[in-house]
Amino acid sequence: MENLREDEIEDNMSMSPPSVGSMQIAGSNGFGHSMEFMSQAYLHNRYPEIDIQVADSTFNQDPPLPVFLKFEDVEFKVRNSQVASKNPVKTMVSKVATPNNVEEKNKYKKILKGITGSIGPGEILALMGPSGSGKTTLLRVVGGRLLDNVKGKITYNDVPYSPALKRRIGFVTQEDVLFPQLTVEETLIFSAFLRLPTNMSKQQKYARVENTVKDLGLERCRHTKIGGGYLKGISGGERKRTCIGYEILVDPSLLLLDEPTSGLDSTSANKLLLTLQGLAKAGRTIITTIHQPSSRIFHMFDKLLLIAEGHPVYYGKAKDTTEYFSSLRFIPEIPMNPAEFLLDLATGQVNDISVPRDIFKDQESSDPSAAVIKYVQLKYKDILEPKEKQENHRGASTPKHLQLAIQVKKEWTLSWLDQFIILYKRTFRARCKDYFDILRLVQAVGIALLLGLLWWKSSIDTEAQLRDQVGLMFYICIFWTSSCIFGAVYVFPFEKVYLRKERKADMYRLSVYYASSTLCDMVAHVSYPTFFMLIVYFMAGFKSTVACFFLTLFAVLLIAITSQGAGELFGAAVMSIQRAGMVASLILMLFLLTGGYYVQHIPKFMQWLKYMSFMYYGFRLLLKVQYSGDELYECESEDGCKTLQSSPSFDTVNLNGGLTEVWVLLAMALCFRVFAYFCLRRRIDISN
């Protein structure tokens with residue numbers, strides 16, 4: 001199996017449906033190897049030799065691998081939060097008093113309770129039901145997003161789920177998870193270049209984005225930022241369509257959508273369903289949850305699964321729902337949208353529906369709504385479920401070559417370096433506003449000017465003056481340590497939702513994301529300290545030599561880069577915005593106390609703390625760069641000139657050398673990043 005190549009298998013598939021539409025592209029120059037992200041209209045104006053003609057909304061490309069999805073008796077349960085009591089005595093008493101079988105039953109709550117169905121290429125399956133019925137949970141289970149506490153049989157081309165399916169499944173979540181700083185077009189272009197196969201040219205990828213923008217009606221907002229929170233951007237409906245375009249851009253074999261029409265008007269929702277129909281006809285399997293569609297949209301679905309309280313109450317063709325429930329003597333008394341009729345039955349609200357009288361027989365004291373739900377559940381078990389299991393799950397099996405093909409994992413569409421280049425540009429584009437924020441520049445320049453004025457042309461002629469200048473050195477160390485730690489500690493907690501979404505889709509390697517993120521942030525963590533030192537160094541009267549200036553700048557930048565790595569480690573280890581700030585504050589306070597300025601003579605049983613503090617090594621490095629042990633001071637005193645090494649300020653610091661501190665800081669910067677990467681991988685793997 002490992003020796004099989006994906007293209008060798010898919011070339012021999014006899015059951016693959018033909019693709020719809022075609023695209024002719026003439027001309028191949030104008031791009032080279034540079035990654036320029038811009039609109040297709042701009043490309044056409046700038047490169048007239050590129051002629052793109054789109055004959056239809058789909059492209060002449062390899063058809064997707066057909067996926068026949070079958071699920072039988074699917075159950076899913078979650079741990080009951082009330083079971084985990086914080087009082088150990090109460091927990092122990094509860095265990096003793098409760099039988100084992102009852103305890104096990106109460107420990108978990110069932111969300112899905114034996115759901116069966118199937119769907120193949122070219123079909124759209126709608127999951128309907130009231131809020132809390134389990135639609136989204138079922139979608140996540142069949143999409144491989146929930147693997148624990150799942151019972152039942154789920155197969156893709158008669159093969160169980162495996163990580164090889166990740167890049168064949170597109171998942172549009174109900175929450176709009178998009179980078180708010182990017183425009184609609186930038187979002188789709190970066191997705192296209194990260195996820196589309198390498199056998200597509202750059203012109204084809206741009207054309208695919210252009211076509212997706214047109215299909216989803218995003219032309220007017222293509223250059224508008226996504227927005228969100230305090231950043232103004234596109235509307236909710238446009239954001240939802242962008243999320244859908246983000247997934248359909250890569251033509252997945254199995255497309256799962258959670259409430260795709262939320263926030264859309266009826267016309268936009270209808271156009272979206274027409275787009276999904278076109279994708280399905282091209283050989284894709286589509287499952288969508290939907291709450292209450294219009295009657296026009298309802299009849300676009302091929303199959304319908306109606307869920308009530310985790311139980312299936314109908315599965316079959318969408319157009320046959322009214323006939324089926326009429327056979328059970330559930331008939332609307334007024335003209336109704338079929339979706340409204342079904343939701344009323346799923347919730348037991350039958351005020352405008354005639355129902356069979358025998359439902360309430362011997363159930364006078366029970367809830368009428370519960371009686372209706374129980375009745376339709378039992379009828380499903382008796383009539384529809386046996387038929388579905390017999391016809392679809394015990395019939396003809398999927399062809400052998402499709403079973404083999406589904407088990408072959410798609411290779412990365414891009415090399416590590418290509419992924420890094422694209423992700424670096426996207427990360428920089430998304431964060432550039434934070435990097436070049438005017439407030440950050442004002443802070444750095446303002447603090448530098450203030451320090452320069454307070455220590456204007458300071459000297460080291462006396463012990464008091466030397467002590468002042470050493471204090472400035474330590475403040476510089478504190479300022480950039482705290483700035484860089486807090487600038488990096490929130491990065492991963494803020495972006496975890498984006499990272500989890502894209503990692504679940506297997507868009508790129510986690511190492512690529514981490515490398516691009518840390519190198520992008522390094523731009524700010526290097527540029528601002530440089531501006532700072534250019535101002536404060538000469539105003540404060542430090543040594544006016546080129547070598548000493550650049551060595552001092554190098555020491556400050558090394559402190560900043562090490563602090564950035566520490567911040568990334570704390571953020572990746574905690575992955576919580578509130579906790580990350582708290583942890584960073586505590587660690588920073590510890591490093592501050594053991595930095596070697598406030599307390600030089602630390603007791604022996606506490607000395608191990610200072611060796612863990614990079615502020616301790618950074619402060620010592622700044623002192624060794626700026627001062628020489630045989631340099632003289634106090635020459636005007638009665639005792640005559642003294643060497644700086646004899647000063648009480650340097651009791652515990654040997655001003656000679658400095659390479660030891662450099663290597664320690666470099667090692668710390670590297671170790672912090674390695675540990676941060678593994679913490680990030682562990683956190684993201686847990687979420688998967």
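## Cavities, sheets and a few buried residues

The largest cavity has a volume of about 80 Å³. A cavity here is a set of points on a 1 Å grid over the protein atoms alone where a 1.4 Å probe fits but cannot get out, and lining residues have an atom within 4 Å of a point. Volumes are the space filled by probe spheres set on the grid points, which are joined across faces, edges and corners. Lining this cavity are Val 177, Leu 178, Phe 179, Leu 182, Thr 187, Phe 190, Ser 191, Tyr 246, Arg 426, Tyr 498, Lys 501 and Glu 502. Two or more of the lining residues come from each of α6 (184-195) and α18. By this rule there are 4 cavities of 30 Å³ or more.

Some ground rules before going on. This is a predicted model, where local features need pLDDT of at least 70 and side-chain atom pairs count only at pLDDT 80 or more, while totals for chains, interfaces and linings use all residues. Residues are numbered from 1 along each chain as its sequence is written, and side-chain values use heavy atoms, with hydrogens and water left out. Helices (H or I, at least four residues) and strands (E, at least two) are DSSP runs, numbered from the N terminus.

### The second largest pocket

Next, an open space. A pocket is an open set of points with protein on both sides within 12 Å along at least five of seven lines. The second largest pocket comes to about 760 Å³ in volume. Its lining takes in 25 residues, and nearest the centre lie Gln 181, Arg 431, Asp 434, Val 491 and Phe 494. At least two lining residues come from each of α15 (416-435), α17 (463-488), α18 (491-504) and α19 (510-539). Helix α15 gives the most, with 5 residues.

### The antiparallel sheet

Now for the strands, which count as paired if DSSP finds at least two bridges between them. An open sheet of 4 strands runs in the order β4-β3-β6-β7, with antiparallel pairing. Its edges are β4 (108-119) and β7 (159-160), each pairing on one side only. Further in, 6 bridges link β3 (residues 69-79) and β6 (residues 150-156) in the antiparallel sense. Leu 69, for one, has Tyr 156 of β6 as its bridge partner. Helix α5 (residues 135-142) packs on this sheet and touches β3, β4 and β6, and its direction makes about 115° with that of β3. Contact means heavy atoms within 4.5 Å, and the angle, on a scale from 0 to 180 degrees, is taken between N-to-C directions of axes fitted to C-alpha atoms, for helices over the stretch in contact.

### Strand β5 and its partners

What about β5 (residues 124-128)? 5 of its 5 residues are buried, which means under 20% relative accessible area (over 50% is exposed, in between is partly exposed; 1.4 Å probe, protein chains only). Ile 124, Ala 126 and Met 128 cover one side, with Leu 125 and Leu 127 on the other. In a regular strand the side chains alternate between the two faces of the sheet. Strand β5 runs parallel to β10 (residues 285-289), joined by 4 bridges, with Leu 125 opposite Ile 287. There are also 4 bridges, again parallel, between β5 and β11 (residues 303-308), where Ala 126 partners Leu 304.

Leu 276, in helix α9 (residues 266-281), contacts Ile 124 of this region, along with Leu 255, Leu 257 and Ile 286, leaving aside neighbours within four places in sequence. Leu 276 and Thr 288 are 12 residues apart in sequence and 10.0 Å apart in space, C-alpha to C-alpha.

### Single residues

Here are four residues by place and accessibility.

| Residue | Place | Relative accessible area |
|---|---|---|
| Gln 626 | helix α22 (614-626) | 1%, buried |
| Leu 276 | helix α9 (266-281) | 1%, buried |
| Asp 73 | strand β3 | 30%, partly exposed |
| Met 575 | loop between α20 (546-574) and α21 (577-593) | 4%, buried |

What does the side chain of Gln 626 reach? That would be the backbone nitrogen of Lys 543, at 2.9 Å. Leaving aside neighbours within four places in sequence, Gln 626 is in contact with Met 473, Tyr 537, Phe 542, Lys 543, Cys 548 and Thr 552.

Asp 73 has a positive phi, near 50°, without being a glycine. Met 575, not a glycine either, has a positive phi of about 55°.

Notes. Polar contact = N/O pair within 3.5 Å; in protein donor to acceptor, adjacent residues only side chain to side chain.
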